[in-house]
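Here are a few short exercises to work through with the model open beside you. Have a go at each one before you read its solution.

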Amino acid sequence: MAAPIMEFEGVDKFFGDQQVLYDIDLSVDEQEVVVVIGPSGSGKSTLLRCANRLETIRDGEIRLDGRSVVDANVNEIRQQIGMVFQSFNLFPHKTALENVALGPRKIKGLSEAAANEQAHELLDRVGLAAETGSYPGALSGGQQQRVAIARALAMEPRVMLFDEVTSALDPELVGEVLDVIEGLAAEGMTMMLVTHEMGFAREVADRIVLMADGRVVERTEVDTFFDRPETERGQQFLSRLL
Amino acid sequence: MATQTETESDTGGVMMRDGAVRRIGEIAAAGFVLAIGGLLVWILATQVNYTLLSSPLIAGRFAEAFFLVIRIVAISSVLSVTFGIMVGLGRISTSPITGRIAKGYVEFFRGTPLLFQLFVIFFGIPRLWATGQFPFENWAVPAAIIGLTLNHAAYVGEAVRGGIDAVPDGQMEAARSLGMSRVMALREVVLPQAWRNALAAIGNDQIILVKDTSLLTVIAVPEIMSVFRNINSNQLDPWTPLVWVCVLYLAITMSMSQLVNGLERRSDWGSDSSMFGRFSLSSSGGSDGGDD
């Protein structure tokens, strides 16, 4: 495999006086899919939010392609890090197409025609070619989340971060979103996912990172983790799921 | 079964059925309409002098006042909404200085009576010049516009801030995560939504602005109430000019609420129908293209 795209090194994160991430070391290689799992409150989502600087870290370093994320121009570095949220956060006053085309138009300065063409392609890729003119309020949760994925892809990021993207969905809508993510994995997109869908984690992940109480407790190849986790915490976590 | 009977007897004894409550409401509302409506008909039949009401003299004076009020309202409205948006943006500024200045502004202009503010501007400001040096010959109307603008910008500012606060944090996060600057995220994502959230409150305030012009009579603006006072003291007939006053204010305020309703409908980005969405897309597309 290739060089690491995203690296965390000794990351400490505090909310006020409370430390929520302890000395996180982690790297994501090119075309690798890393799935972060762990009980709620273990700091998984916070870790992702630190990666695109929605949260600031107190100590340590986060690098994208060897460049410090912390020291970079925040608006520039975020263009290379796609983020998809649990609650979609689509722009309700814009159509699906406008949601996807907005970033390329306003940030990258693409012409309206070029941005719309790209948005059409991306919406087609996530199976929503028929909904380009729909407002988010008229779309199902699964459709909204697929638009959100297309919106993040439109910036042509180096890495995609998925923060519990199926947790707010009705069970029957989870599949369509996971299918899109699997498609991205197959195309070689580098991704970091936080999820509670263990079946999906097993299917899509190259590596599993188990977090607990703000620490990385285990990081293993996916099959190793699910068949015979190396740590006691890993065994405990898996046994509670069964 | 036992609990069932208990509940039934409970509701029967203590609470009324929904239908009964509705009936009482209907009787009260109908009674109110009959009482007020009867009084109104009686006044219109016995108190109003219809010859005077339709005389060109009185009509002309009210018309003059009416168009003056419309001019004052139009200018103060545009200025107070514009300035109010700036105040609202100041309230959410990341700069603590700007934030505090905007807060202080709102506290002062919301916390003192409009009449006091009008007195400061109308009587106080000209005294800052040496006698005879104040450049405005007819200061009443400019003073009125300044007073109404400063006062209502405070309310509009709070409405705008409330509208911004009501936009979920996730909107700003999503826009920033794409790589937008804070200013761009505000302009493209947050403010269009905040505007819709704030529209009803802003419209409400602008209707109050219309009625606040009635205070201008005390700083010698020849507006609608001053015409009333004039006619009442000359003719010793309050009811006839009051009919004029009522109709003229309602004419302005009701067109204003129509306008606000129209604006609200236009900024409603079809939550349930994508057809509607496509319509408003074409209308917003034009203004969007302008700022590139």
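Two strands count as paired if DSSP finds at least two bridges between them. Keep in mind that this is a predicted model.

**Exercise 1.** Find how strands β7 and β8 of chain A pair, and over how many bridges.

*Solution.* Start with β7(A), residues 159-163, and β8(A), residues 190-194. They share 5 bridges, and the cut-off is at least two, so the two strands pair. The sense is parallel. To pin down one bridge, take D163(A): its partner in β8(A) is V194(A).

**Exercise 2.** Place that pair in its sheet: what is the strand order, and which strands are at the edges?

*Solution.* Step one: the order in chain A reads β6-β7-β8-β3-β9-β10, an open sheet of 6 strands with mixed pairing. Step two: look for strands that pair on one side only, and you get β6 (81-84) and β10 (215-221) of chain A. Step three: check the twist, which averages 15° from one strand to the next. Finally, add the helix: α5(A), residues 141-153, lies across β6 and β7 of chain A, at about 170° to β6(A).

**Exercise 3.** Go back to β8(A), residues 190-194, and trace what M192(A) touches.

*Solution.* Leaving out residues up to four places away in sequence, M192(A) touches M6(A), V28(A), V34(A), V36(A), L48(A), V159(A) and L161(A). Now zoom out: the largest nonpolar core has 101 residues, and M192(A) is among those touching the most other members, along with V35(A), V36(A) and V100(A). The largest share of this core, 8 residues, comes from helix α7 (140-165) of chain B.

Technical notes:
Residues numbered from 1 in each chain as written. Chains lettered and ligands numbered in written order. Predicted model: local features only at pLDDT ≥ 70, side-chain atom pairs only at ≥ 80, totals over all residues. Core = buried A, V, L, I, M, F, W, Y, C linked by C-beta atoms within 7 Å. Buried ≥ 20, exposed ≤ 12 C-beta atoms within 10 Å, placed from the backbone. Helix = DSSP H or I, 4+ residues; strand = E, 2+ residues; numbered from the N terminus. Contact = placed C-beta atoms within 7 Å. Axes fitted to C-alpha atoms, helices over the stretch in contact; angles between N-to-C directions.
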